[in-house]
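Here are my notes on this one, written as I went through it. Have a look at the model first, then read on.

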Protein chains: 4
Amino acid sequence: MAVDKRNSEKYHLIIDAAVTVIAKHGYHHAQVSKIAKEAGVADGTIYLYFKNKEDILISLFRLKMGTFITTIEKRLETCFDAKEKLRFLVEMHLSQLAEQPDLAVVTQLELRQSARELRLKINDVLKGYVQVMENVIDEGKAEGIFQEQLDTKLARQMLFGTLDEIVTNWVMKEGKFDLESLSQETYHMLLTGFQKSS
Amino acid sequence: MAVDKRNSEKYHLIIDAAVTVIAKHGYHHAQVSKIAKEAGVADGTIYLYFKNKEDILISLFRLKMGTFITTIEKRLETCFDAKEKLRFLVEMHLSQLAEQPDLAVVTQLELRQSARELRLKINDVLKGYVQVMENVIDEGKAEGIFQEQLDTKLARQMLFGTLDEIVTNWVMKEGKFDLESLSQETYHMLLTGFQKSS
Amino acid sequence: MAVDKRNSEKYHLIIDAAVTVIAKHGYHHAQVSKIAKEAGVADGTIYLYFKNKEDILISLFRLKMGTFITTIEKRLETCFDAKEKLRFLVEMHLSQLAEQPDLAVVTQLELRQSARELRLKINDVLKGYVQVMENVIDEGKAEGIFQEQLDTKLARQMLFGTLDEIVTNWVMKEGKFDLESLSQETYHMLLTGFQKSS
Amino acid sequence: MAVDKRNSEKYHLIIDAAVTVIAKHGYHHAQVSKIAKEAGVADGTIYLYFKNKEDILISLFRLKMGTFITTIEKRLETCFDAKEKLRFLVEMHLSQLAEQPDLAVVTQLELRQSARELRLKINDVLKGYVQVMENVIDEGKAEGIFQEQLDTKLARQMLFGTLDEIVTNWVMKEGKFDLESLSQETYHMLLTGFQKSS
DNA sequence: GATGAATGAGCGTTCATTCAT
DNA sequence: CATGAATGAACGCTCATTCAT
């Protein structure tokens with residue numbers, strides 16, 4: 001597939017259709033034909049832009065998570081220390097998913113139903129985010145804000161695991177509580193978990 | 001189905017076969033016939049003990065998680081404060097799954113691929129564990145060890161999310177690092193996140 | 001199977017259970033286990049009295065139709081001419097089935113869903129009835145009441161076909177009209193179709 | 001399913017294949033895959049033209065009986081009285097089935113093995129034929145040819161039951177006698193059964 | 001590039017029958 | 001005689017992917 005496909009209109013049309021269809025019907029009822037119909041193209045057209053169904057899902061995740069991560073990265077650049085970075089990371093993780101409920105359903109629930117193989121590829125995409133998180137933690141340690149003996153990987157697992165669990169609970173409750181209002185408290189718990197006792 | 005079926009030998013034989021087959025072949029390739037073969041019974045025999053395939057999976061989760069939770073609960077009863085309870089909860093969560101790698105693969109990766117409907121039933125089972133965790137947190141607050149303004153639900157999501165993420169990472173790395181050795185550090189991070197600053 | 005099985009209590013118990021179950025649940029949902037339960041015996045016990053499931057159905061038909069035919073034959077013996085015999089045959093065909101609605105459902109609807117092979121065996125049982133009918137027709141011809149050029153087989157097909165269609169319609173309408181009240185008119189139509197023009 | 005599917009080549013190909021396969025192997029051994037093979041299409045193609053297996057059978061009956069009934073109706077329009085109509089109805093009922101032995105096997109024997117639900121739908125199709133028959137009888141009564149006190153429904157049951165029984169006997173004997181040659185005699189029996197005594 | 005008709009592999013479940021007790 | 005747990009063959013249907021137009 002030529003790289004320029006990714007800039008074509010139909011490419012994005014199909015990915016957005018996939019998000020909509022999966023959020024509405026669930027992963028197992030998101031047939032290629034349904035996605036094609038939602039996108040307003042023929043079934044066969046899908047295969048001009050994607051290698052196969054799995055490729056739609058990976059591309060979807062790559063594109064959406066790419067934006068998700070980049071948005072956070074950009075914001076973090078303006079922060080002056082790791083503490084502030086942690087605060088914004090938590091805030092933006094929650095707010096971005098709160099603002100895109102369809103995407104939240106897809107990433108937190110539906111896409112996790114995919115086969116082991118696909119999940120490994122999804123994890124590759126997440127590696128960028130993992131890096132962002134670990135950088136914040138390492139910076140905090142370097143700045144003397146976080147405990148120096150903190151295991152970076154473990155701390156990142158706590159950070160990601162906590163945020164992921166919160167969002168998943170929110171999606172499961174069908175967004176019936178305010179996700180963004182939790183960020184302050186969540187930030188504090190994580191911060192005290194990481195930082196030096198004063 | 002008569003209740004005593006759950007105490008019969010074949011019932012457990014089939015459930016253990018299901019764990020083995022799912023861990024080995026993955027959720028989507030775990031055909032009933034494969035499970036039957038692994039259990040050493042005929043395909044039809046499965047249906048003398050389980051309503052359908054989904055029932056095998058729910059029963060599996062209920063039985064294994066039931067033991068998992070009960071084992072932890074029993075241990076926590078002997079602790080004299082919430083701090084100790086937190087320590088053992090973390091330790092036992094990790095050690096129990098480390099000791100049953102097949103089960104870990106099934107609960108952390110494979111069973112999460114199940115349809116939304118099944119996942120809701122799985123969540124019901126997890127509610128017991130959620131309760132155990134929230135009790136520990138509430139006790140810590142009552143004992144004056146944890147911050148009184150700590151949001152119990154949020155703290156529980158941090159606790160569960162962290163442990164779950166750690167185990168999942170371990171499973172994904174195919175158990176190539178020592179899971180149980182992480183418990184001390186994990187406990188400390190969570191504890192400092194929860195407890196009063198001294 | 002020893003012949004004396006047919007006189008045993010359980011033999012009849014099972015056959016009556018089969019009639020009940022088939023009438024209630026339909027041919028395709030009349031599992032052997034259901035019949036056994038209705039008869040109050042174990043599944044395996046069925047096979048002490050019948051070769052297989054098909055044998056239950058044939059035996060059922062043979063027993064019930066045997067009684068049906070014998071009852072008619074006995075009554076016809078007392079008639080003094082073919083005209084009267086025709087009248088009673090029609091009357092009794094309809095009245096006997098009207099009095100046993102479960103049996104009517106089984107013979108008119110459910111048992112006809114059986115495989116070709118079974119239906120051939122059922123036809124063997126019906127040969128006795130065919131004979132009774134053809135005898136009446138032949139007698140009518142010999143007595144000079146019916147047209148002598150009447151084709152006996154064809155006339156019998158008209159006789160049986162008419163009665164069978166009437167009863168089937170009655171069963172399909174779930175017995176919502178009075179079957180026996182039709183016998184007079186039916187008899188007249190058949191009689192004029194058969195008899196010499198006066 | 002779009003209406004134009006019913007005019008497509010494959011639609012008819014599949015229905016004719018179903019007739020052939022059912023006539024040859026019997027209702028219970030007429031698997032979808034066998035029908036597909038006979039039609040020269042893939043299994044899945046069947047489901048582009050039919051909702052499910054039952055839909056094939058209903059469509060088959062509707063199409064073939066539709067033609068059967070229409071052919072008779074057209075012919076009857078040219079008749080000048082009910083007597084002639086009765087004659088042609090009998091003649092054409094027998095001749096049409098005699099000319100399509102496979103179809104006769106399917107309608108007289110095999111399709112009757114279908115589940116109750118399907119049979120009710122089949123009966124709906126037959127209602128058109130029932131109407132044609134009752135019209136002939138009513139016309140005969142109006143024209144003063146048939147007895148005015150004749151019960152139309154009962155007479156129709158005699159007419160249909162007789163023809164149906166004759167054809168079924170012919171099919172059971174595997175067409176070993178000439179069906180069409182019976183029409184004259186059958187017509188006479190039915191006519192004298194219906195008409196006024198002269 | 002775009003279409004959509006056609007493909008065909010793959011699997012959960014039922015139930016008549018057996019046979020050790 | 002009677003039991004009932006165990007057996008295992010058999011099949012309708014879905015849907016990702018292809019390819020002739």
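1. A quick definition before the symmetry: copies are superposed by least squares on the C-alpha atoms of residues with pLDDT of at least 70 in both. Keep in mind that this is a predicted model.

2. How does chain A lie on chain B? Chain A can be laid on chain B by a turn of 179° and a shift of 0.1 Å along the axis, with an RMSD of 0.3 Å. That's the relation of a two-fold axis.

3. The interfaces tell a matching story. Of the interface residues of chain A, 98% are also interface residues in chain B, so the copies meet through the same surface.

4. Now for the DNA. Strand E is surrounded by 29 residues, and the closest are A:Lys5, A:Lys10, A:Thr45, D:Thr45 and D:Tyr49. Sugar and phosphate make up 72% of the strand E atoms that come within 4 Å of the protein.

5. Which classes of residue make up the surface near DNA strand E? Twelve are nonpolar, nine are polar and eight are charged.

6. Some phosphate contacts are worth a click. D:Tyr49 has a polar side-chain atom 2.6 Å from a phosphate oxygen of DNA strand E. For B:Lys53, an N or O atom in the side chain sits 2.8 Å from a phosphate oxygen of that strand. With C:Lys53 the polar atom belongs to the backbone, again 2.8 Å from a phosphate oxygen of DNA strand E.

7. As for elements, those giving two or more residues to the surface near DNA strand E are α3 (43-49) of chain A, α3 (43-49) of chain B and α3 (43-49) of chain D.

Conventions. Residues are numbered from 1 along each chain as its sequence is written. Chains are lettered from A and ligands numbered from 1 in the order in which they are written. This is a predicted model: local features need pLDDT of at least 70, side-chain atom pairs count only at pLDDT 80 or more; totals for chains, interfaces and linings use all residues. Side-chain values use heavy atoms; hydrogens and water are left out. A residue is near a molecule or strand if one of its heavy atoms lies within 4 Å of it. A polar contact is a pair of N or O atoms within 3.5 Å; within protein, one must be able to donate a hydrogen and the other to accept it, and residues adjacent in sequence count only if both atoms are side-chain atoms. Helices (H or I, at least four residues) and strands (E, at least two) are DSSP runs, numbered from the N terminus. Ala, Val, Leu, Ile, Met, Phe, Trp, Tyr, Cys and Pro count as nonpolar, Asp, Glu, Lys and Arg as charged, and the others, Gly among them, as polar. Contact means heavy atoms within 4.5 Å.
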